[in-house]
Amino acid sequence: MENKEYPEALNLLSGLIKEVRRLDDTLLLVDINLLESKLHFSLRNLPKAKASLTAARTAANAIYVPPAQQGNIDLQSGILHAEEKDYKTAYSYFFEAFEAFNALEDPRAVFSLKYMLCKIMVSQADDVAGIISSKAGLQYVGPELDAMKAVADAHSKRSLKLFEIALRDFQAQLEEDPIVHRHLSSLYDTLLEQNLCRLIEPFSRVEIAHIAELIELPVDHVEKKLSQMILDKKFAGTLDQGAGCLVIFDDPKADAIYPATLETISNIGKVVDSLYVRSAKIMT
């Protein structure tokens, strides 16, 4: 698994699980199910990763599990919830894992604390400074937390430039951590959309090159993102590619006559059905 030979690891693991079930060693089975969950997560198979984690939890409930192992289970739970964009639940699990590892003075505590900063993803970047400056957080001050603080600052200021500086300065902590990297690409997209919406707000027609110049990004990248935002209905507009312009429309107001007409037709249908039933009774 460490060599990223995931199919081979999966084959070895499936045979190992059968052997351990025969031994009836529940604690070892918890370890293996947890490893299987991490393996499926690495293969981007989220349903199987969740199923393996559930199996690990079920086995763990039947026996006493050492705090370090319980911390491992909570950490993996947080990672899977974060992958499903349920960041509030993920934060709770990361907090539980951090408490377990911190009590044991386990070096994995810093990663739990780092992932707790998923609060950035739910637009609670202001809480990050509080977490880092807390009594527990101050014990782990270092590049891992500095990286997340830089990302939180960039998000608070809605600055793509600061975000890119953070990615460059803390490449090992951000880009090379597969879990953080997945969510940062989503955060970058959100920041880019917020910045584009802010820039195009005063205009009804604007050159794409001018927007690209304001946001300091390549023209083709900005054009691609704007077309995606129009398709996703983030704003009403169209791209005039011949003139190289973006045309922004006023927000279309919903016409109330259509829903009212549909409701009237529906009521007429009910009246006709009721009259048909009555006439049928009279005829019989």
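A residue counts as exposed when its relative accessible area is over 50%, and K85 passes that mark with 52%. The model you have here is predicted, and a walk through its overall form, two of its helices and a few single residues makes a good start. Its chain has 15 helices and three strands.

**Overall form**

- The radius of gyration of the chain is 27 Å, whereas a compact globule of 284 residues would come near 19 Å.
- Along the principal axes, the C-alpha atoms take up a box of roughly 75 × 75 × 40 Å.
- Buried residues make up 39% of the 284 in the chain.
- If you look at contacts between residues at least 6 apart in sequence, 56% of them link residues at least 24 apart.

**Surface and charge**

- About 17000 Å² of the chain is exposed, and 56% of that area comes from carbon and sulfur atoms.
- There are 41 negative and 31 positive side chains, with 5 Å between the centres of the two sets.

**Helix 2 and its surroundings**

- Helix 2 covers residues 26–42, and its end C-alpha atoms lie 24 Å apart; this agrees with the span expected for 17 residues because each residue should add 1.5 Å.
- Its buried residues include L29, V30, N33, L34, S37 and F41.
- An α-helix has 3.6 residues a turn, so residues three or four places apart point the same way.
- Which helices do the buried residues of helix 2 pack against? Their partners are helix 1 (6–23), helix 3 (46–61), helix 4 (67–83) and helix 12 (178–200).
- On the far side of the helix in sequence comes R44, with a positive phi near 65°.
- D24 sits in the loop between helix 1 and helix 2. With a relative accessibility of 62%, D24 is exposed, because the cut-off for that class is over 50%.
- From D24 to I265, the C-alpha atoms are 67 Å apart, and the two residues are separated by 241 places along the chain.

**Helix 5 and the loops beside it**

- Helix 5 (residues 87–103) also holds 17 residues. From its first C-alpha to its last it reaches 24 Å, close to the 24 Å expected at 1.5 Å a residue.
- Among the buried residues of helix 5 are Y87, A90, F94, A97, F98 and F101.
- K85 belongs to the loop between helix 4 and helix 5. Its phi is positive, at about 70°, although K85 is not a glycine.
- Is E105 buried or exposed? E105 is exposed, with a relative accessible area of 70%.
- E105 lies in the loop between helix 5 and helix 6 (109–116), and this residue, which is not a glycine, has a positive phi near 55°.

**Strand 1 and E207**

- Strand 1 runs over residues 205–207 and contains E207.
- What does E207 touch, leaving aside residues up to four places away in sequence? Its contacts are G244 and C245.
- E207 is partly exposed because its relative accessible area is 49%, and that class lies between the 20% and 50% limits.
- The C-alpha atoms of E207 and M1 are 50 Å apart, with their positions 206 residues apart along the chain.

How values were computed. Residues numbered from 1 in each chain as written. Predicted model: local features only at pLDDT ≥ 70, side-chain atom pairs only at ≥ 80, totals over all residues. Heavy atoms only, no water. Helix = DSSP H or I, 4+ residues; strand = E, 2+ residues; numbered from the N terminus. Rg over C-alpha atoms; globule rule 2.2 N^0.38 Å. Buried < 20%, exposed > 50% of the residue type's maximum accessible area, 1.4 Å probe, protein only. Contact = heavy atoms within 4.5 Å. Areas by Shrake-Rupley, 256 points an atom, 1.4 Å probe, with all protein chains shown as cover. Lys, Arg positive; Asp, Glu negative; His and termini not counted. Charge placed at Lys NZ, Arg CZ, Asp CG, Glu CD. Expected span 1.5 Å × (residues − 1).
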